[in-house]
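Welcome! Here are some short exercises to work through with the structure beside you. Try each task before reading its solution.

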Amino acid sequence: MIDETGLKKGQLRKLNALRKSLGPVIADEAFSKWLAQAADVEPEADENARVIADNLWGLIQQGKLQIRRGGYVVRRGRGRVIVEARTG
């Protein structure tokens with residue numbers, strides 16, 4: 001039996017769908033194997049986010065840049081980069 005209290009919402013949905021389609025015994029075994037395999041896979045970091053962070057880190061270390069707690073949103077505009085303070 002699988003401890004459902006530690007699972008995330010999406011994982012619970014997957015488990016319940018498997019139980020409906022395969023039955024509880026087979027579904028619990030399949031879900032356990034899937035969960036073990038999913039835990040081994042490390043999500044890849046976004047290459048663009050890494051480049052931005054690497055370039056900003058030097059400015060932060062020099063004291064030329066401070067990033068406030070709420071953070072910022074970076075997006076592209078027409079031939080420019082738009083940086084806005086995050087709200088909400």
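Two rings of Phe, Tyr or Trp, the six-membered ring in the case of Trp, form an aromatic pair if their centres lie within 6.5 Å. Keep in mind that this is a predicted model.

**Exercise 1. Find how many aromatic pairs the structure holds, and classify the pairing of F31 and W34.**

Step 1. Searching the whole structure gives one aromatic pair.

Step 2. The ring centres of F31 and W34 lie 5.5 Å apart, and their planes meet at 35 degrees.

Step 3. Planes under 30 degrees apart would count as stacked and those over 60 as edge-to-face, with the rest called tilted. The angle for F31 and W34 is 35 degrees, so this pair is tilted.

Step 4. Now place the two in sequence: F31 and W34 are three residues apart in helix 2, and so about one helical turn separates them.

**Exercise 2. Decide whether F31, W34 and L12 are buried, partly exposed or exposed.**

Step 1. Recall the cut-offs: under 20% relative accessible area is buried, over 50% is exposed, and anything in between is partly exposed.

Step 2. F31 has a relative accessible area of 0%, so F31 is buried.

Step 3. W34 comes out at 31%, which means that W34 is partly exposed.

Step 4. L12, a residue of helix 1, has a value of 25% and is therefore partly exposed.

**Exercise 3. Work out which residues make up the largest nonpolar core, and which contacts I2 and L12 make.**

Step 1. The largest nonpolar core consists of six residues, namely I2, L7, L15, L18, A27 and F31. Helix 1 (9-22) and helix 2 (24-40) are the elements that contribute two or more residues to this core.

Step 2. Look at I2, setting aside neighbours within four places in sequence. I2 is then in contact with L7, L15, R19, D28, F31 and S32.

Step 3. Do likewise for L12: with neighbours within four places left out, L12 touches E4 and L7. From L12 to F31 there are 19 residues in sequence and 10.0 Å in space, C-alpha to C-alpha.

**Exercise 4. Describe the largest pocket: what is its volume, and which residues line it?**

Step 1. The volume of the largest pocket is about 210 Å³.

Step 2. Its lining is made by I52, L56, L65, I67, G71, Y72, V74 and V83.

Step 3. At least two lining residues come from each of helix 3 (47-62) and strand 1 (72-76).

Step 4. Sorted by kind, the lining has seven nonpolar residues, one polar and no charged.

Note on methods:
Residues are numbered from 1 along each chain as its sequence is written. This is a predicted model: local features need pLDDT of at least 70, side-chain atom pairs count only at pLDDT 80 or more; totals for chains, interfaces and linings use all residues. Side-chain values use heavy atoms; hydrogens and water are left out. A nonpolar core is a set of buried Ala, Val, Leu, Ile, Met, Phe, Trp, Tyr and Cys residues joined through side-chain atoms within 4.5 Å. Buried means under 20% relative accessible area, exposed over 50%, partly exposed in between (1.4 Å probe, protein chains only). Helices (H or I, at least four residues) and strands (E, at least two) are DSSP runs, numbered from the N terminus. Contact means heavy atoms within 4.5 Å. On a 1 Å grid over the protein atoms alone, a cavity is a set of points where a 1.4 Å probe fits but cannot get out, and a pocket is an open set with protein on both sides within 12 Å along at least five of seven lines; lining residues have an atom within 4 Å of a point. Grid points are joined across faces, edges and corners, and a volume is the space filled by probe spheres set on the points. Ala, Val, Leu, Ile, Met, Phe, Trp, Tyr, Cys and Pro count as nonpolar, Asp, Glu, Lys and Arg as charged, and the others, Gly among them, as polar.
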